[in-house]
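Reader: I should like to go through this model by way of a few specific questions. Please give the reasoning before each value or name.

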Amino acid sequence: MTAGRIPHIVTPPPGPRSREILERQAKVLYPGLAGGLGPFVIRRKEGYAVEDIDGNVYLDMISGMASVPLGAAHAGITEVAVEVLRRYGVEDTHFYSHEYLLPLAEKLLAIAPGNLSRVDIALNGTEAVETAVRFMRRATGRPIVVGFMGGYHGEAGTAGAIGAETSDLSFGYRALMPGFVHVPYPNPYRTPFTARPGGTGDGTVDFIRDHLLFHAVDPREVAGVVIEPVLGSGGCVAPPDAFWPALVKLCRDFDWLLCADEVKTGFGRTGHMFAVERWGVEPDLMALGKAMGGGVMPIGAVLGTDHSMGFDDVSTGSTWSWLAAACAAALETIRIFETEPILENVRELDRTARRALARLAERFECIGDVRTVGCFIAVEFVKDRATKERDPELQEAVAWECLRRGLLGDSSTTSYNLQPSLVTPVEVLEGAIAILDESVAAALAALGR
Ligand code: PMP
């Protein structure tokens, strides 16, 4: 497939075969699922190409929502996983160990930042986050967890309640989950806060100290914070440098635990193995998932210090976590990171994206902000650069124009995002941004602007 042209659209999506299946799916699937599916049905994936059943080939700039770090169906990782699956089949790793459990746990601790010394197994990112929160409450004996508006941590009860990416994601359940408070994510483009003189040096942490802890919650009831080091689903937002030391001090002052949700940022996406390394932050807990399985097998993990995980009375996990084959895939993924220049390529892609997006933002007044952190790339559309009023209509139109041209990006709640796999060649990313450029012009024309 990658030998041909990418992207290559032979029939505008949805093609006839996709359309037929999508219509039948709509009759039987949960409408909330069916309505959110893209307008084609996938036949296969390879590298950075996605082919649909009508023969269209798309350029993949989503990478399985950042769970495919090294290109689709990576041959070496797949081979390892299949071999181990044949040999071990399925067993519940909560009941019996296997030969990959110890090597993976030791390897994770060896590559993890700071004093993380314990590992618990998880099936995916959601479960890792859920488990981490239980550990936070158990380790501190305190009920409340601070989350950040704009953050996303999964759909299940606890993970969904910490996150607050958009209000509609919490429809029907967050109100039923006590024990969480939210503050705006330290978003340099949109923060409502400025640091006050004599404060912490960071407006968001000033707000927590001066307002949240003064009016809303006693710090002695807070177990800690859960934070994405860089917002992923919330649109590639990196906090300002001053935020991290202020947050770490806040946690120290009140004996809070700092849990980094590295489910999306972990395993190289930001140009570091883990995003907290960028700021030298040493979390007490870290949740992992997505890319950990090399884009081949589902797997997640919680890593923690002795203090935050040194007890045995919190029941965790689920049947399918850390299957031998998933562990083998994770080990092979880490081996590739250690032997191939993956992070170097991410940094090269970062530089490429920065240059190209700066030109894009110069060309189009409707672009309020462009953001790049490694292989997280976001473009935020606004109606007016001065007021920063969001323009979801334009963003949707741009996403559609991209799709018609064969570019698969992630139209998230706040921005249009490109999330290439970490091994994407530079010229392929340049090609994707050229399509985006063309698509913005086409979307503006289609909306009569
Ligand atoms: N945390 C973050 C930061 C995520 O981006 C996600 C998924 N997008 C999750 C947790 C949940 O992971 P999963 O959907 O794999 O369970």
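Reader: At what distance does an oxygen atom of the ligand lie from an N or O atom in the side chain of T126?

Author: The model is predicted. T126 is among the residues that surround the ligand, as are N124 and G125. A polar contact requires a pair of N or O atoms within 3.5 Å. The oxygen atom of the ligand and the side-chain N or O atom of T126 meet that limit, at 2.5 Å.

Reader: Which residue places a polar side-chain atom 2.6 Å from a nitrogen atom of the ligand?

Author: The surroundings of the ligand also include E228, D261 and K290. The protein buries 84% of the 390 Å² that the ligand exposes when taken alone. The residue whose polar side-chain atom lies 2.6 Å from the ligand nitrogen is D261.

Reader: Is T265 buried or exposed?

Author: T265 belongs to the loop between β8 and β9. Beyond its neighbours within four places in sequence, T265 is in contact with P229, V230, T270, M273, A275 and F376. Its side chain also makes a polar contact of 2.7 Å with the side chain of E262. Because its relative accessible area is 1%, T265 counts as buried.

Reader: Which elements are included in what covers the buried residues of α12?

Author: Helix α12 has 22 residues and reaches 32 Å from its first C-alpha to its last. Its buried residues include L349, A353, A356 and L360. In an α-helix, residues three or four places apart point the same way. The cover over the buried residues of α12 includes α11, β11, β12 and α14.

Note on methods:
Residues numbered from 1 in each chain as written. Predicted model: local features only at pLDDT ≥ 70, side-chain atom pairs only at ≥ 80, totals over all residues. Heavy atoms only, no water. Helix = DSSP H or I, 4+ residues; strand = E, 2+ residues; numbered from the N terminus. Expected span 1.5 Å × (residues − 1). Buried < 20%, exposed > 50% of the residue type's maximum accessible area, 1.4 Å probe, protein only. Contact = heavy atoms within 4.5 Å. Near = heavy atom within 4 Å. Polar contact = N/O pair within 3.5 Å; in protein donor to acceptor, adjacent residues only side chain to side chain. Areas by Shrake-Rupley, 256 points an atom, 1.4 Å probe, with all protein chains shown as cover.
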